[in-house]
Amino acid sequence: MASQFSQQYAYRAQKSLGLVGGTPDYVPADGFLGPDVPARTYHYSTDGRLFAYALPSVVRIYLAEGAQLMQELAIPNIIELKFSPRGTYISTWERPVKLEDGAQHKNLRVFSVSTGEELISFSQKSQEGWDLQYTISESHAIRLVSQEIQVFRPAEWSKGIADKLKVEGASMISLSPGLNPSLAVFVAEKKGAPASVKIYGLLNLNIAPTCQKNFYKADRAQIKWNNLGTQVLVLTQTEVDNSNMSYYGETGMYLLSAAGNFDCRVTLDKEGPIHDVSWSPNSKEFGVVYGYVPAKTMIFDQRVRTLHDFGASPHNFIAFNPQGRLVALAGFGNLAGKIDVFDRRTLQKVSTIDAPNTSFCEWSPCGRFLLTATLSPRLRVDNGIKVWHCTGPLQHVQSVEELYQASWRPTPVDAAPQFAANIPPAPAPSESVRNAALAAKPTPTKPAGAYRPPGARGLATPSIFKREDEGGAARLPTGGAATPPRGYSRSPVPPPGSAPNGYGNGYQNGNGGKRHVPGAPKIPSPAPEAQDKDKKFRKKKEKKKGGDADGRGDEPSSARPSIEIQINGNGAQTPQQQQSSVPPTPGAEILDPIAKKVRNLSKKLKAIDELKEKQKRGERLEATQLKKMEGEAELRKELTGLGISSP
C-alpha cells in the first residue's frame, strides 16, 4: 500500500483534471470525478493527505486517498491556493480589485480545512511570494509587508500580529524548515550600497542577526535552505551583466550558516551563469550546475569542499531523489532533453533517458521513478506525461491536450518503501507504453544527397554531380601511385601521351598552361611564328627588366640567382637545368631556395607599395597593415643580402 500510495500523480489541462494511480497499472483514482469546467490550479498538502483545486466559482478539498470530498468553499475567482504544512489551513489568493467604498480588497484569505471557516484575511497585491510561510509545526506564520516582517500565531489568528521586525530595504524573506526555525532576509543592492542577507532566530527577532553577509551584484536572490534548516544557499542575480557576457545578467552564490559560525562565497572555476543548485536530502552536500554550455556540474560539502566533478556536459538541471541515493542531471529548455542518472554512492552512471521537449521533471517519493511532462504554453504540441524508471525504461505514457500542470503526490520519506542496497530493476511497463509505440508514426528518413540550389530542384541531376551509389560515374583512386586522368595532370611537365606542343588534352593551348574547363569553348592554338615571336619578346623583356633591377646592366646572369620558372615544359630553363641530363621530376619545385626567397620578398615589398599608395590617397589602414609597412626596411635589407638591389 505504501508503494502504491506514493506513486499517485495529478494533472491539470484545459479540458480535464485527474488523479492517476501508480505502478503497475496507472489507472485513474477510484471515486474521483473531474470538474465540468476548467480548473485554474490545484495543490497537494505537504504530507500528501489532502488535494484541492480551484474552479471559477468554488474551491474543493479532497482526501487524496480514495478521492473523498471533504469541503467546498464557495469563493469565486481564486487564482492560487496552498495548504499549511500539516494541512490544517488553506490559503487562497485572487487578483486585487478596487472596491466601490474605497476600502482595501482583502484578496489573501486563510480558511480552516476542517470547518471551511474564514479565519483571517489580508491585502496582498503581488502574486509573487503571496502566501504566508509557516513553521513545520504550524506554531508561527510570517509575511513581509512594506519592509516589515509580521509574525502571527495560527492558533490565535484573532489576536492579529504577535511580533514584527522592520528591516530597511527588505525585498524577500525565507523561513527555514526544522525544529529551530530561522528567518533569512534579503536586501537588494541600491544606490551604491551593497546587498545583504541577514539571518534571525524566529523566536528572537529583536536581537542582532545571528549571521550577516554583504555583497555586490545582487538585484534579486533565491534562498534555498537545507532540510535541517542549519545552512542556506543564496543565489544572487543582476538584471544586467555589465561585462556583456550574458543576456540574463550576472549570478553568484553564497553559503551561510544559521548559527553564524560559517559563511563564504561559493567560488566556481568556469565562467558563465549558475543554471541550477540543489541540496541533498542529507543536508550535508549540494550540487551546482554552472558555466557556459557545456555546463559543469560539481558536488560540494557543507564547507564548500569539492566532493565530485561530473565534468562538462549539456546540463542545466540537477535533482537528488528523496533518499539522496540517485542524482539526475539533465538539459531542458533549449537543450536536447537528455537525463543522466548517477548513483551517488559509486558516482557511476546508471542510465541515460531521452526525454525531449520536457518542461517539468520530478522524482517520485519512492525515489525509483522520474515524471517528465511537456506543458503548455511552453509547448503547445505533444503535451503529455511520461514516467521513467531510474534504470532507463519508459513505464507509462499519457497524452493530454493543453497540459498545464503535473506533479507527484507528496509522501513522507519514512512512509515510502525503503531503497535497497542495489538499485532495483524496472518493472514491466504499462499497457500505455505498448499502445503509444503502436500509434507512433514512423518518421520517414530522407535520403541524403548533394545540395542543389532552389533553381535546380525538381530537375534531373546530371550524372557528373551524382555519387557512385546514385548512378554516377565511378571515381578513380586519387592516391600517389595512381595514374591521373588524361588531360588533368597537375605536374609542371605534360603527362605522357599529351599533345606535341607540351599541353595535355585538358589544357587550353596557348593559354598559359591553364586547365581546360569541360564544356567551355576551346581557344585555338596560336601559329608557330606567333609562338616564336612571343618567346623572343618575353626573353628580351625579362633580360631588360633584370638589368634595370640590379643596376649592373649586362652582367652575366650567373652573378645573381635566376628567378625564371618553367611552366608545363614551355618556359625558359636555367643553365644548370640545361646542362643536366636528368628530366625534371613531376610535381617537383622548379625554383631553387634562393630564387624562391627572392620571389617571396618581392611579393611582400609589392604589397607594401600598394599599402603606401592607399595611405597617400587618404584611405584608412588597419593595424595589421600598418605593422606590415613597418617591416619594409627589414625586408629590403634581407633582399640586399641575397644579392638583389631593392628598388
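This report walks through a small sheet, a buried isoleucine and a helix pair in a predicted model.

## A three-stranded sheet

Let's start with the sheet. Three strands line up in the order E2-E1-E35 to make an open sheet, and the pairing is antiparallel. Strand E2 (17-20) and strand E35 (403-408) sit at the edges, each pairing on one side only. On average, neighbouring strands here are turned by 15° against each other, ignoring direction.

Strand E1 covers residues 9-13 and is joined to E2 by four bridges. E1 and E2 also make a hairpin, with three residues between them. Within that pairing, tyrosine 9 stands opposite valine 20 in E2, while arginine 12 has leucine 17 of E2 as its bridge partner. Over on the E35 side, five bridges hook up with E1, again antiparallel. Arginine 12 turns up here too, standing opposite glutamine 405 in E35.

## How enclosed is E1?

E1 is well tucked away: five of its five residues are buried, so the strand is largely enclosed by the rest of the structure. Look at its two faces and you'll find both covered. One side has Tyr9, Tyr11 and Ala13, the other has Ala10 and Arg12, and all of them are buried.

## Isoleucine 142

Next up is isoleucine 142, which belongs to strand E12 (residues 141-145). Its relative accessible area is 0%, and because buried means under 20%, isoleucine 142 counts as buried.

What does isoleucine 142 touch, leaving aside residues up to four places away in sequence? The list runs to Leu132, Gln133, Gln150, Val151, Ile173, Leu175, Leu183 and Leu202. As for aspartate 131, it lies eleven residues from isoleucine 142 in sequence and 9.1 Å from it in space, C-alpha to C-alpha.

## Helices H5 and H6

Finally, a helix pair. Two packed helices are described by the angle between their axes and the distance between the axes. For helix H5 (residues 593-616) and helix H6 (residues 623-630), the angle is about 120° and the axes are 10 Å apart. That angle is why H5 counts as oblique to H6. The crossing of H5 and H6 is left-handed.

Which residues meet where H5 and H6 pack? H5 brings Ile608, Leu611, Lys612 and Gln615, and H6 brings Gln625, Leu626, Lys628 and Met629. Sorted by type, the residues of this contact are four nonpolar, two polar and two charged.

Key: Residues numbered from 1 in each chain as written. Predicted model: local features only at pLDDT ≥ 70, side-chain atom pairs only at ≥ 80, totals over all residues. Heavy atoms only, no water. Pairing = 2+ DSSP bridges. Axes fitted to C-alpha atoms, helices over the stretch in contact; angles between N-to-C directions. Parallel < 35°, antiparallel > 145°, perpendicular 65-115°, else oblique. Left-handed = near helix turned anticlockwise from the far one by under 90°. Contact = heavy atoms within 4.5 Å. Nonpolar A, V, L, I, M, F, W, Y, C, P; charged D, E, K, R; others polar. Buried < 20%, exposed > 50% of the residue type's maximum accessible area, 1.4 Å probe, protein only.
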